[in-house]
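Visitor: Got a minute to walk me through this one? I'd like the inside first, then the odd spots.
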Amino acid sequence: MGTWLATTHDAVSQVLRDRSFGRLWTDWEPASQMEPFNALHRNQMMENEGQTHRRLRALVSKAFGRGHVERMRPRIEALAASMVADLPDGEPFDLLGDYAEPMPVYVIADLLGVPRDDHTKLRDWSQAIVHMYEPGVGALTKAAAIEASTAFSDYVRGVVEQRRSSPGDDLITDLIAARDHGHSSARDEGSKLSDDELVASVVLLLNAGHEASVNVFGNGFHALLEHPEQLRRIVSGEVSVETALEELIRYDAPLQLFERTATADVEVAGQLVRSGQRIACLMGSANRDAEVFADADVFDVGRDPNPHVGFGMGLHFCLGAPLARLELQISIRALLDRFPELRLAGESPRRPTWVLRGYQRIPVSS
């Protein structure tokens, strides 16, 4: 791959925290053909460093503050209760397709001010875009990503125009205010948001706001179903859902690889990484480091402390971590309250990807 690999918890932590390593975007070629995909990444916070990153992150961070997220609890609890009530008793159903996949799309759509009914196409566009993060993508994957990026951008621009004429109590309305009413003086120019940055920020939040949550839930709950004794510890109340969730994130990491580029010569774990060289943090490997986690390959829902790297570290620590934790805790608790005897009802095929690791479906029955 022409890339250094950081495999230990210590090495991954250093790379994610050391400002000598940056998240530096390079446009895909041919640039004119790939522009719809490139534009969404070039203009988002996750692919930028320094002042640009700080400015873009600050504009959306208010929505993910703990106070604002906690105010969403009743809405998420009502949504989870409604979705669980619609699941069949005594009949097999797909834990992913019928519950885990729609849930986070609904939540992030509510936060942004996007219609819930659009969740299927939002999910499809997101899937096409994130397939580009895998190594060795082919022409069909690129073509699908270009098409999805174009459609997603057009969709968000349409929602933005609706919110301009009819503001709501949502993040898109707040971002429009930052775009349209930002101060124009040179001193305050850094608080403004361009149209392309607004669109890219919304697409990033829709993608990141549900892609990882679906795979955390799917990977973690599948592990629970494969370890019924651990599931019983949660159902009985011996272990809280809050504690168990951290092990669900650690044990089967939904994000396996996160890349950085050295902006100066820097030493990691005794190895000199030259300026301009790339280094990939292997998150699943770090989460199974026996130097940090006792019995690292054992699934233990009561594991505490649990310093996993599931939400990243440093400047790019996941902005949505408080919302993701709340949403996952509520959805797990609601499902187990309704189906305390849930069990696997067939094979659960993996998705044909490894950077974003997850299942295609998880058939279960009560």
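Guide: Here's a short tour of the core, a helix, a histidine and some backbone oddities.

Guide: This is a predicted model, where local features need pLDDT of at least 70, side-chain atom pairs count only at pLDDT 80 or more, and totals for chains, interfaces and linings use all residues. Residues are numbered from 1 along each chain as its sequence is written, and side-chain values use heavy atoms, with hydrogens and water left out.

Visitor: How many residues are in the largest nonpolar core?
Guide: That core has 93 residues, and Leu95, Tyr99 and Phe221 have the most contacts inside it. A nonpolar core here is a set of buried Ala, Val, Leu, Ile, Met, Phe, Trp, Tyr and Cys residues joined through side-chain atoms within 4.5 Å. Buried means under 20% relative accessible area, exposed over 50%, and partly exposed in between (1.4 Å probe, protein chains only).

Visitor: Which helix gives the largest share of this core?
Guide: Helix α11 (residues 195–226), with 14 residues. Helices are DSSP runs of H or I with at least four residues, strands are E runs of at least two, and both are numbered from the N terminus.

Visitor: And what does Leu95 touch?
Guide: Leaving out residues up to four places away in sequence, its partners include Phe217, Phe221, Leu335 and Val364. Contact means heavy atoms within 4.5 Å.

Visitor: Why is helix α13 called largely enclosed?
Guide: Because nine of the eleven residues of α13 (residues 241–251) are buried. Glu246, Glu247 and Arg250 are among the buried ones. They pack against α11, α12 (228–235) and α15 (321–338).

Visitor: Switching topic: is His41 buried or exposed?
Guide: Buried, at 1% relative accessible area. His41 sits in helix α2 (residues 31–42), and its side chain reaches the backbone oxygen of Phe37 at 2.8 Å. Beyond its neighbours within four places in sequence, His41 contacts Trp25, Glu47, Asn48, Ile129 and Tyr133.

Visitor: Now the odd spots. Which residues does a cis peptide bond join?
Guide: One joins Glu29 and Pro30, with omega about -5°. Another joins Asp304 and Pro305, with omega about 5°. Pro305 is in the loop between α14 (283–286) and α15. Most peptide bonds are trans.

Visitor: Which non-glycine residues have a positive phi?
Guide: Ala269 has one of about 50°, and Asp295 has one of about 45°. Ala269 counts as exposed, at 66% relative accessibility, and Asp295 is exposed too, at 59%.

Note on methods:
A polar contact is a pair of N or O atoms within 3.5 Å; within protein, one must be able to donate a hydrogen and the other to accept it, and residues adjacent in sequence count only if both atoms are side-chain atoms.
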